[in-house]
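Open the model in your viewer and follow the stops below. Each one says what to select and what is there.

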Amino acid sequence: MPMSKSFEERLTPLLPGIVAQFGSPFHLYDEQGMLDAIGTLKNNLFVVEGDRNFYAVKANPNLAILRLMLANGFGLDCSSPFELSLAQRAGAPPERVMFSSNDTSRESLRLALEYGCILNLDDVTLIEKLPKMPELISFRYNPGELRQEGTNSIIGDPPNQKFGVRRDQISDAYRMARDSGATRFGIHTMYASNQRDASNLAGTLEMVLELAGALGKELGIRFEFVNVGGGLGIPYRPGEEPLDVVHLGKEYARLFAAFETENGYRPKLYAESGRYLAGPHGIIVGTVINVMDKYRKFVGVDFSELANIPRAAIYPAYHHLTVFGKDDMSTGETVDVAGPLCENFRLAKDRVLPHVEEGDLIIVHDTGAHGVAMASQYNGWPQAQQLLLCADGSVRVVARATSFEDYIRTQIEC
Ligand SMILES: *Cc1c(COP(=O)(O)O)cnc(C)c1O
């Protein structure tokens, strides 16, 4: 979806000055937008003391963003040793770090235990690979055939996913954990991604609460938390409905109340939202360097899609584009927009844009999540610098562009 009115209104007067100062291209993250999104989730979903979102570090691992999440009461969701180190660097206390890994190595388990963060195990076989069973343990549940609604091609349908513990394995998993010394329990699930339907997301909580109730009775344990993972969706195309977080909050409250009536307690609500918090609050600003009439009409930009927003090139996913200062569609043309890679990728295909000329600034919307986070320097093209538009209106560099030295840093010359 085009960036929010608020972001646009704050950015428009500043953008020429930012380009003059920092050059093109760059990523720009909107701190105020992220603060507002944090507030929306806190006010509607995480409403009881102890409820918490663990921001999925993979969405955008910039330390400025991680620290913003921590400063506002959120935790961090990590799935690799580097992400754990990043959480540590950001200053995350252990109880604010969730380790939701998969295909996990013994070394990763050791590092997570050493950190003291919350372990969310993706498979039953990991129990015996733990150097020591922690007090608090969680398993990722995969409902398989039991729940198919709302999944999409990003992650696939549950029976085909590589994630999580099967329904017929999950009691044994908790029994084994309990018998090896665990005394506190959580449960996790995530089998859908970029979901904007609140009823569907509520169905996920309903499913995991039902399971927590059943396991609790069967094994005589209580669940300290239920973790519904990530998957809160955002609109990428103009006209798509945003997720109704208010409605989702009401559904969550209803489901927790029913669980409490049935089981006599309310587990904390945990989640691992990443995209919702970072995605809409980042843009790429680049410059048109070529306008070319080939068999198709091409607009060439000064950055590599793969190094900056690979999902647009690879999936290919829709990212809204605008031309700064031009919105006259009466002279609009259908063009393909592409960067300099020696691959036939497109940033956009058959896109109607206002009449574009060399030197125009192109804005790519909704690039705050899975932008540089997924980047590759294929063809030797760098990641653009990353700027933060601070809530006070100032602009800070939070990552410089990758340099030639970065590009060859790991190579060893003989
Ligand atoms: C990707 C992922 C998330 C974040 O999902 P979003 O769709 O970005 O909210 C959370 N938890 C796990 C385990 C993930 O793999």
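Start with the whole protein chain, coloured by burial. Of its 414 residues, 54% are buried. Keep in mind that this is a predicted model.

**Overall fold**

Switch to cartoon view. The protein chain carries 13 helices and 17 strands. Now show the C-alpha trace: along its principal axes the protein chain spans about 70 × 60 × 45 Å. How does the radius of gyration compare with that of a compact globule? The protein chain has 23 Å, and a compact globule with 414 residues would have a value near 22 Å, so the two agree.

**Ligand site**

Select the ligand and show the residues around it. These are Ala56, Lys58, Asp77, Ser100, Arg140, Met190, Gly230, Gly231, Glu272, Ser273, Gly274 and Arg275.

Next, pick out three polar contacts:

- Lys58: a polar side-chain atom lies 2.8 Å from a ligand oxygen atom.
- Gly274: a polar backbone atom is 2.9 Å from an oxygen atom of the ligand.
- Arg275: a polar backbone atom is 2.8 Å from an oxygen atom of the ligand.

Then turn on the surface. On its own the ligand has 390 Å² of accessible area, and the protein covers 89% of that.

**Surface patch**

Leave the ligand and select Ile314, Tyr315 and Met374. Together they form a nonpolar surface patch with about 300 Å² of accessible area.

Zoom in on Met374. Where does Met374 lie? Look in the loop between β15 (361-364) and β16 (385-389). Is Met374 buried or exposed? Its relative accessible area is 38%, so Met374 counts as partly exposed, between the cut-offs of 20% for buried and 50% for exposed.

How values were computed. Residues are numbered from 1 along each chain as its sequence is written. This is a predicted model: local features need pLDDT of at least 70, side-chain atom pairs count only at pLDDT 80 or more; totals for chains, interfaces and linings use all residues. Side-chain values use heavy atoms; hydrogens and water are left out. Patches are made of residues with over 30% relative accessible area and no salt bridge: like charges are joined within 9 Å, nonpolar side chains (Val, Leu, Ile, Met, Phe, Trp, Tyr) within 5 Å. Accessible areas come from the Shrake-Rupley method with a 1.4 Å probe; for residues, only the protein chains shown count as cover. A salt bridge is a side-chain nitrogen of Lys or Arg within 4 Å of a carboxyl oxygen of Asp or Glu. Helices (H or I, at least four residues) and strands (E, at least two) are DSSP runs, numbered from the N terminus. Buried means under 20% relative accessible area, exposed over 50%, partly exposed in between (1.4 Å probe, protein chains only). A residue is near a molecule or strand if one of its heavy atoms lies within 4 Å of it. A polar contact is a pair of N or O atoms within 3.5 Å; within protein, one must be able to donate a hydrogen and the other to accept it, and residues adjacent in sequence count only if both atoms are side-chain atoms. The radius of gyration is taken over C-alpha atoms; the globule rule is 2.2 Å times the number of residues to the power 0.38.
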